Amino acid sequence: MDATVRQFPNSTASDASVERPSREEAEAAVRVLLRWIGDDPDREGLVDTPSRVVRAYEEIFGGYRIDPAEALGRTFEDVAGYNDVVLVKDIDFHSHCEHHMVPIVGKAHVAYLPHDKVLGLSKIARVVDIFGRRLQTQEAMTQQIADTIKDSLKPRGVAVMLEAEHMCMSMRGIRTRGSKTLTTAFLGAFRDDPVAQTRFLTMVYDRR
Ligand SMILES: Nc1nc2c(ncn2[C@@H]2O[C@H](COP(=O)(O)OP(=O)(O)OP(=O)(O)O)[C@@H](O)[C@H]2O)c(=O)[nH]1
Ligand SMILES: [Zn+2]
C-alpha cells in the first residue's frame, strides 16, 4: 500500500490498512469486466477505458481518503448570540450503493441547534459529499453525517434527512422508476422532541 495515502474506512468494522492494489491491477480488473459483459477491451473505443474508469473511481470514491471531521474545519462564535436552528437543505448528492455499486442520487437536508458556535455552511455540504463518495447504504450515510457534526461541533442537536433514488431499484432488479427512500437521524435535542422534529420537517418541505 502507498503509505502516503491516508484512508478512512467506511465502517469501524473494517481495517484501514486493507492492502490497496496498484493502478495497473485496478485497470486489469476493468479489462476483465469488459470481457465479462461481452465486449472486446482491445477495440479502439475501449483501449483507454480501463485507465479512464480507474481515474473516475478515484474521484467518485475519493471520500475514503478524506477525514470528514477535518473537512468541517473551523467554527465561528461571533454570531450575535444566534442560537436557533441552522438548516442547509436541498444539498444534491451522489453516492453508490454498497450492494450493487450503482448510483444513489438524492438530496440531503442537514440541521443543527448551535451551542455557542456555528459551522461554515459549505462545510456541511462537504461532509455530505465526502460520505457520498464512498460505498454506502442510505441508512449508514444518514447516521454518519449526523454523528460527524455531533462529535465535531458538539451542538445541542442534529437532524439529518436524506431522500434518494437508488438506481439498483430502477435500472435493474425490481425496476421501480422514481421511487424515493427517506431516512432521518435525530440526535440530542431533536431526538425525543416531536415538536423540534416537526419544525425541521416543516422547514425542509416549505418550498416557497
Ligand atoms: N437498506 C438498504 N438496502 C439497500 C440500499 N441500497 C440497496 N439496497 C438493497 O439491498 C438489497 C440487496 O438484496 P439482495 O437480495 O442481497 O440482492 P439482489 O438479489 O440484487 O436484490 P434485488 O435488488 O431485489 O434484485 C436489495 O433489496 C436492495 O434494494 C440501502 O441504501 N439501504
Ligand atoms: Zn443496490
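**Reading a predicted chain, feature by feature**

Me: Arg175 is exposed, because just 8 other C-beta atoms lie within 10 Å. Which cut-offs separate buried, partly exposed and exposed residues?

Reply: A residue is buried if 20 or more other C-beta atoms lie within 10 Å of its own, exposed if 12 or fewer do, and partly exposed in between, with C-beta atoms placed from the backbone. Please note that this is a predicted model, in which local features need pLDDT of at least 70 and side-chain atom pairs count only at pLDDT 80 or more, while totals for chains, interfaces and linings use all residues. Residues are numbered from 1 along each chain as its sequence is written, and chains are lettered from A and ligands numbered from 1 in the order in which they are written. Asp116 is partly exposed because 13 other C-beta atoms lie within 10 Å, and Val110 is buried because 27 do. Of the 208 residues of the chain, 23% count as buried.

Me: Which helices and strands make up the chain, and in what order do they run?

Reply: Helices (H or I, at least four residues) and strands (E, at least two) are DSSP runs, numbered from the N terminus. There are 7 helices and 7 strands here, in the order α-α-α-β-β-β-β-α-β-α-β-α-β-α. The domain assignment, which is automatic or taken from a database, gives domain 1 (1–60) and domain 2 (69–205). The centres of these two domains, taken over C-alpha atoms, are 28 Å apart.

Me: How is the span of a helix judged, and what is found for α1?

Reply: The expected span is 1.5 Å times one less than the number of residues. Helix α1 (residues 23–37) has 15 residues and should therefore span 21 Å; its end C-alpha atoms are 21 Å apart, which agrees. Helix α5 (residues 138–153) has 16 residues and reaches 23 Å between its first and last C-alpha, close to the 22 Å expected.

Me: Which residues of α5 are buried?

Reply: A general point helps here: an α-helix has 3.6 residues a turn, so residues three or four places apart point the same way. In α5 the buried residues are Met141, Thr142, Gln144, Ile145, Ala146, Thr148, Ile149 and Leu153.

Me: Where do positive phi values occur?

Reply: Two of them come directly after a helix. Gly38, just after α1, has a positive phi of about 105°, and Lys154, just after α5, has one of about 50°. Two others belong to loop residues other than glycine. Phi of Asp116 is near 75°, and Asp116 lies in the loop between β3 and β4 (118–119). Phi of Arg175 is near 55°, and Arg175 lies in the loop between α6 and β7.

Me: What makes up the largest nonpolar core?

Reply: In soluble globular proteins, nonpolar side chains tend to be buried together. A nonpolar core is a set of buried Ala, Val, Leu, Ile, Met, Phe, Trp, Tyr and Cys residues joined through C-beta atoms within 7 Å. The largest one here has 29 residues, and those with the most contacts inside it are Val127, Val128, Ile145 and Val160. β3, α4 (121–132), α5, β6 (157–166), β7 (181–188) and α7 (194–205) each supply at least two of its residues. The largest share, 6 residues, comes from β6.

Me: Which residues does Val110 contact, beyond its neighbours in sequence?

Reply: Two residues are in contact if their C-beta atoms, placed from the backbone, lie within 7 Å. Val110 lies in strand β3 (residues 103–113). Leaving aside neighbours within four places in sequence, Val110 contacts Val88, Ile91, Ile124, Val128, Ile145 and Val160. Under the corresponding rule, Ile145 touches Ala108, Val110, Val127, Val128, Phe131 and Val160. Ile91, found in strand β2 (residues 86–97), touches residues including Lys107, Ala108 and Val110. Ile91 and Ala108 are 17 residues apart in sequence and 4.9 Å apart in space, C-alpha to C-alpha.

Me: Which residues surround ligand 1?

Reply: A residue is counted if its C-beta atom, placed from the backbone, lies within 6 Å of the molecule. Ligand 1 is surrounded by Cys97, His99, Thr137, Gln138, Glu139, His166, Cys168, Met169, Gly173 and Ile174. The elements that give two or more residues to this shell are α5 and α6 (167–170). For classes, Ala, Val, Leu, Ile, Met, Phe, Trp, Tyr, Cys and Pro count as nonpolar, Asp, Glu, Lys and Arg as charged, and the others, Gly among them, as polar. The shell has 4 nonpolar, 5 polar and 1 charged residues.
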